[in-house]
Amino acid sequence: MKLIVGLGNPGCEYDNTRHNIGFMVLDHYLNSKDWKKKFDGVYQIITIDQEKVLFLKPLTYMNLSGNSVVKAVKFYNIEIQDILVIQDDLDISFGKYRLKKNSSHGGHNGIKSIISALNSNQFSRLKIGIQTTKKDDVINFVLGKFSKIESDQLSSQYDVFFKIIESFILKGIDQTMNDYNH
């Protein structure tokens, strides 16, 4: 079983904010409102080419995302290398992305929480760029809404993100990194 985690914060006030890019990618990928509640989050399980996949959106707020992830991992006995976390990244240009594995948290509190809860950084990540030049007001920036131009640019990238998710599920992170990291 694979686990795909989209990071974000619960509540309408966080809809369409930069920090919720993980939630947004999963919502568009699954195109469904049929989320079930469990693991301090909402989830869906679907089968892709005979592989069961658990999609999870932690509802613990970003800083406690690890609590939700570790509950799902323990319940389904998911291997660390079978986890892909979709996150925002301030150090990557807007609209660009980078696949990583075995990486540090890089200052991202959601990732820091997951590393702590799993006691490992050996999971994979799809980091989606939201870079800013306003380094002095990071909190307001990441919790700020996407502009219309940014939303349109992000929408144009969804097909690539969906292909990355499916490649991770079917081929693993190494092949996916080879195919999509340029």
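What volume does the second largest pocket have? Hold that thought for a second, because I should say up front that this is a predicted model. Okay, the answer: about 210 Å³. That pocket is lined by 13 residues, and the ones nearest its centre are Asp15, Asn20, Phe23, Asp27 and Lys57. Helix α1, residues 21-30, gives the most to this lining, with four residues. If you sort the lining by class, you get five nonpolar, five polar and three charged residues.

Now to the largest pocket. Its volume is about 450 Å³. There are 23 residues lining it, and closest to the centre sit His19, Gly107, His108, Asn109 and Val142. Two elements give two or more residues to that lining, namely β5 (83-89) and α4 (138-142). The class split here is eight nonpolar, 11 polar and four charged.

Let me step back to the whole chain. You have seven helices and seven strands in front of you. Going along the sequence, the order reads β-α-β-β-β-α-β-β-α-β-α-α-α-α. How does the radius of gyration fit with a compact globule? For 182 residues, a compact globule would come out near 16 Å, and this chain has 15 Å, so the two agree. The C-alpha trace spans about 40 × 35 × 30 Å along its principal axes. Buried residues make up 53% of the 182. And if you take contacts between residues at least 6 apart in sequence, 69% of them join residues at least 24 apart.

So what's inside? Here's the general background: in soluble globular proteins, nonpolar side chains tend to be buried together. In this model, the largest nonpolar core has 33 residues, and the ones with the most contacts inside it are Ile4, Phe55, Leu126 and Ile165. Helix α6, residues 158-171, supplies the largest share of this core, seven residues. Apart from that core lies another one, of 20 residues, including Leu54, Val69, Ile111 and Phe123.

Let's zoom in on leucine 126 from the largest core. Which residues is leucine 126 in contact with, leaving aside neighbours within four places in sequence? You'll find Leu84, Val85, Ile86 and Gln87, then Tyr97, Arg98 and Leu99, and also Phe161 and Ile164.

Ile111, which I named in the other core, also shows up in helix α3. That helix covers residues 109-118, and its buried residues are Gly110, Ile111, Ser113, Ile114, Ile115 and Leu118. Those buried residues pack against α2 (65-76), β5 and β7 (124-129).

Next, threonine 17. Where would you look for threonine 17? In the loop between β1 (2-6) and α1. Is threonine 17 buried or exposed? Its relative accessibility is 0%, so threonine 17 counts as buried. Skipping residues up to four places away in sequence, threonine 17 touches Met24, Val142, Leu143, Gly144, Lys145 and Phe146. You've met Val142 already, as one of the residues closest to the centre of the largest pocket.

Compare that with glutamine 122, in the loop between α3 and β7. Glutamine 122 has 41% relative accessibility, so it counts as partly exposed. Leaving out residues up to four places away, glutamine 122 touches Ile80, Gln81 and Asn102. How far apart in space are glutamine 122 and isoleucine 139? They're 17 residues apart in sequence and 27 Å apart in space, C-alpha to C-alpha.

Last topic: backbone angles. As a rule, most residues other than glycine have a negative phi. With that in mind, have a look at three places in this chain. Aspartate 40 has a phi near 55°, a positive value. You'll find aspartate 40 in the loop between β2 (36-38) and β3 (41-48), and at 38% relative accessibility, it counts as partly exposed. Tyrosine 61 has a positive phi of about 70°. Tyrosine 61 sits in the loop between β4 (51-58) and α2, and with a relative accessible area of 42%, it's partly exposed. Then there's asparagine 119, just after α3, with a positive phi of about 55°.

That's the tour, thanks for listening.

Key: Residues numbered from 1 in each chain as written. Predicted model: local features only at pLDDT ≥ 70, side-chain atom pairs only at ≥ 80, totals over all residues. Heavy atoms only, no water. 1 Å grid on protein atoms, 1.4 Å probe; cavity = no way out; pocket = protein on both sides within 12 Å on 5 of 7 lines; lining within 4 Å. Points joined across faces, edges and corners; volume = space filled by probe spheres on them. Nonpolar A, V, L, I, M, F, W, Y, C, P; charged D, E, K, R; others polar. Buried < 20%, exposed > 50% of the residue type's maximum accessible area, 1.4 Å probe, protein only. Contact = heavy atoms within 4.5 Å. Core = buried A, V, L, I, M, F, W, Y, C linked by side-chain atoms within 4.5 Å. Rg over C-alpha atoms; globule rule 2.2 N^0.38 Å.
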